[in-house]
Amino acid sequence: MTAHGPVAGPEAAGGAPPVLTVDALSKTYPLPGGGRLTAADAIGFTVPRGGSLGIVGESGSGKTTVARMLVGLVRPDAGTVTVDGRARPARPARGRAARLARAREIQMVFQDPYVSLDPRLTGRQCLLTALRLHGASGAAAEEKAERLLGQVGLGSREGAARPHALSGGQRQRLAIARALAVEPRVLVLDEAVAALDVSIQAQILQLLGEVRRETGVALVFVSHDLAVVRHITEATLVMRRGTVVEQGPTRSVLAAPVTPYTRALLAAVPRPGWDPAAALRAAAPDTP
Amino acid sequence: MTDTHGHRPAAGAQPAAGARMPSARAEQPGAEPAPAGSAAAEPEAAARGASGGAEPLLDIVGLGLELPGAARPLLADVSLRVRPGEVVGLVGESGSGKSTTAKAALALFPDGARPTGEVRVAGTDVLALRGEALRAHRARTVAMVHQDPRAALNPVRRVGDFLTERLALAGFAGNRAAVRGRAVELLAEVGLPDPARRLRQRPHELSGGMLQRVVIAGALAVGPRLLLADEATSALDVTTQAEILDLLRTVRREHGTGLLFITHDLQLAAAYCDRVLVMYAGRLVEHRPAEALFTDPRHPYTRGLLECSPTLDEAAAGVRPIPGRPPSLADAFPGCPFTARCPGAEPECERWQPRPVPLPGDGMAACRRLAEYEPDGAESGGADAGTDARGAAAGAEGVERAGADPSPGPVAVSAPARRDAAPGPVSGTTEGGAG
């Protein structure tokens, strides 16, 4: 299974066991007119402890399908997801203890926190619900909720507010705090900063960097934005039509892309002196 | 999926399509459009980047917009112009007033809002338009392309129906075959393959990029002089975005259309537009030729936006967040609205009424400490003193400030404060792994 793994961070080569190992993960969906759409075809990668992997690609490339399979929201047709050496069963966990143990392995942060947060719960209640579900109680739970709020930069006013009274950035901070409440090994973020204003996006990126340093949680960062991925990940996986077309250290994938598809994606990113027509000509050989 | 449009309801997808338009002004049927504006003396020409030439398609002068119940004006002293064949970028965060400014070209204002100032489109005073003249203006002179093409198209009608309706609106005369032929031409013009077949398709059968092409074809159907693109590419993949941007450039070249390009992405605006205006809290804070924004941003907000935008540039430092959050309508500002988030703010800034300070060359920036941020700050305002009293005032203020503060220059003044405000760039991911 290591044959699929990109070198995600300097530790991977040193032999430290990866926290997340994904092997030959596949998913197809039936198409209306017969035939099947391959959303993910034998996807494999590893993420070292505390590492950060980016999955990039265009709409329909299958990157969200992979993220949802990691968390267990989509059941893969084939392949395995292993966290800390334990394979995650493809079927939904049976029994409370198994479900909770599963939740402590991987947590997810979604693009739109307004949809992913319960509108009836205040920020503090949202965190307490997650904490109590996982066995914390009383003063210990309250104290931990406060610490989580502080960790993501939310004050007591925000902790007492319901999601509708929070800004987009504050909601995303709360969603990150809720995901961190169970102390997961891996945090999967699916376009988690895509809907935010650029100044807020930068704040969340900075927060994620701090969270990684403080907790050692590994990140799987799904994004269409190559520039964001450059800032938050060490390894990158480029997906197209359900397959991995390129993977490796983020720096070399972005600085010296091997495949025409990655080159086309990079050429399409606006920069000083950029011309869309030239970007399209550069992309012409192998893009749809 | 990369769609980010869930939070942005695209009300009135094509404003001309017959939706009820909220307007502060009672409609008076039969009113004539005002005569074309005479080219009066324009003291603000420098501030708006006037460089002579053709009559502007869009000329907004000192536009203000008050809304009852809001703590601050939605717009204050907004001036901009778009000339034929020009791409002008309007950049800012949510709530900065960029869409509100663009919709002023259609005389579309929030319910109960009171506009002041002047909005002219191709010489016509838009704020004075009423009734049929206003409807004709909205239908034909200006077209708007929104972020979410799916919200702009009726999901149960065919693409052909949409274009036919737009052509009828434009007064296209001819039988069904002629209308159909024109619709096919339009779709071919925006680069849709197999246009005749597309006419029979419904929106769900087309991808987001294809639908945005359909919407642009609909906009072109009425032969508009001015195109407003409101985050028109923000929901698209980068490669599709490049295609649509290329298309808009072609449209501009072949029709001489002026394009007001609204985006939250400063990198994109500076790479794509001829001139860029940056808005904050309903005010223009900087107005520059696009390339100057990259190399020499002058307003602290513009610099902050550039520093917090992730780039692919290897040499670029990590992203540095702007502390705080974008202001809402509930926030009132006695002085410069950026003071609370500004790394170089001083107590006086809280009382300083923002005003455009012309920059040498072209453009303006509305910052009290502008004169300190350049090497020869004492002269910059004074050079325009003969023609622009405000420039002189700013220059004098600059001298005074520079005297009070012995550390002029952008690096010395702003960088340490910035580091205090936002400790540590995010890019240091290589050492971020806990191992």
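**Exercise 1. A salt bridge within a helix**

Task: Locate B:Arg182 and B:Glu185, and state which kind of contact joins the two side chains.

Solution. Step 1: Helix H5 of chain B, residues 176-189, holds both B:Arg182 and B:Glu185; the two are three residues apart, about one turn of the helix. The model is a predicted one. Step 2: The closest N and O atoms of B:Arg182 and B:Glu185 are 2.9 Å apart, and the contact is a salt bridge. The cut-off for a salt bridge is 4 Å between such atoms. Step 3: B:Arg182 has 22% relative accessibility and counts as partly exposed. B:Glu185, with a relative accessible area of 46%, is also partly exposed.

**Exercise 2. A salt bridge between distant parts**

Task: Find where B:Arg252 and B:Asp274 lie, and decide for each whether the residue is buried or partly exposed.

Solution. Step 1: A salt bridge joins the side chains of B:Arg252 and B:Asp274, at 3.3 Å from N to O. Step 2: This pair links distant parts of the chain, 22 residues apart. B:Arg252 belongs to helix H8 (residues 238-255) of chain B, while B:Asp274 sits in the loop between helix H9 (266-272) and strand E9 (275-280). Step 3: Buried means under 20% relative accessible area. B:Arg252 has 18% relative accessibility, so this residue counts as buried. B:Asp274 reaches 34% and is therefore partly exposed.

**Exercise 3. Sorting two neighbours by accessibility**

Task: Which of A:Glu158 and A:Arg157 is buried, and which is exposed?

Solution. Step 1: The two side chains, A:Glu158 and A:Arg157, form a salt bridge of 3.6 Å, N to O. Step 2: The relative accessible area of A:Glu158 is 14%, so A:Glu158 is buried. Step 3: Exposed means over 50%. A:Arg157 is at 51% and therefore counts as exposed. Step 4: The pair is one of 28 salt bridges found over all chains.

**Exercise 4. Reading a sheet**

Task: Give the strand order of the open sheet of four strands in chain B, and name the edge strands.

Solution. Step 1: The order is E2-E1-E4-E5, with antiparallel pairing. Step 2: Strand E2 (75-82) and strand E5 (124-125) are the edge strands, since each pairs on one side only. Step 3: Strand E1 (residues 58-66) and strand E4 (residues 114-121) of chain B pair over seven bridges in the antiparallel sense. Step 4: Across from B:Asp59 stands B:Arg120 in E4 of chain B.

**Exercise 5. Three rings**

Task: Which residues do the ring pairs link with B:Phe338 into a cluster?

Solution. Step 1: Over all chains, four aromatic pairs are found. Among them, B:Tyr280 and B:Phe338 are edge-to-face, 5.1 Å centre to centre, with 85° between the planes. Step 2: B:Tyr280 lies in strand E9 and B:Phe338 in the loop between helix H11 (300-308) and strand E11 (357-358) of chain B, so this pair ties together parts 58 residues apart in sequence. Step 3: The rings of B:Tyr301 and B:Phe338 have centres 5.2 Å apart and planes at 70°, so this pair is edge-to-face. B:Tyr301 is in helix H11 of chain B, 37 residues from B:Phe338. Step 4: The ring pairs therefore link B:Tyr280, B:Tyr301 and B:Phe338 into a cluster. Step 5: B:Tyr280 and B:Phe338 are both buried. B:Tyr301 is buried too, with a relative accessible area of 0%, and the value for B:Phe338 is 2%.

Notes
Residues are numbered from 1 along each chain as its sequence is written. Chains are lettered from A and ligands numbered from 1 in the order in which they are written. This is a predicted model: local features need pLDDT of at least 70, side-chain atom pairs count only at pLDDT 80 or more; totals for chains, interfaces and linings use all residues. Side-chain values use heavy atoms; hydrogens and water are left out. Buried means under 20% relative accessible area, exposed over 50%, partly exposed in between (1.4 Å probe, protein chains only). Two strands pair if DSSP finds at least two bridges between them. Rings of Phe, Tyr and Trp (its six-membered ring) pair if their centres lie within 6.5 Å; planes under 30 degrees apart count as stacked, over 60 as edge-to-face and the rest as tilted.
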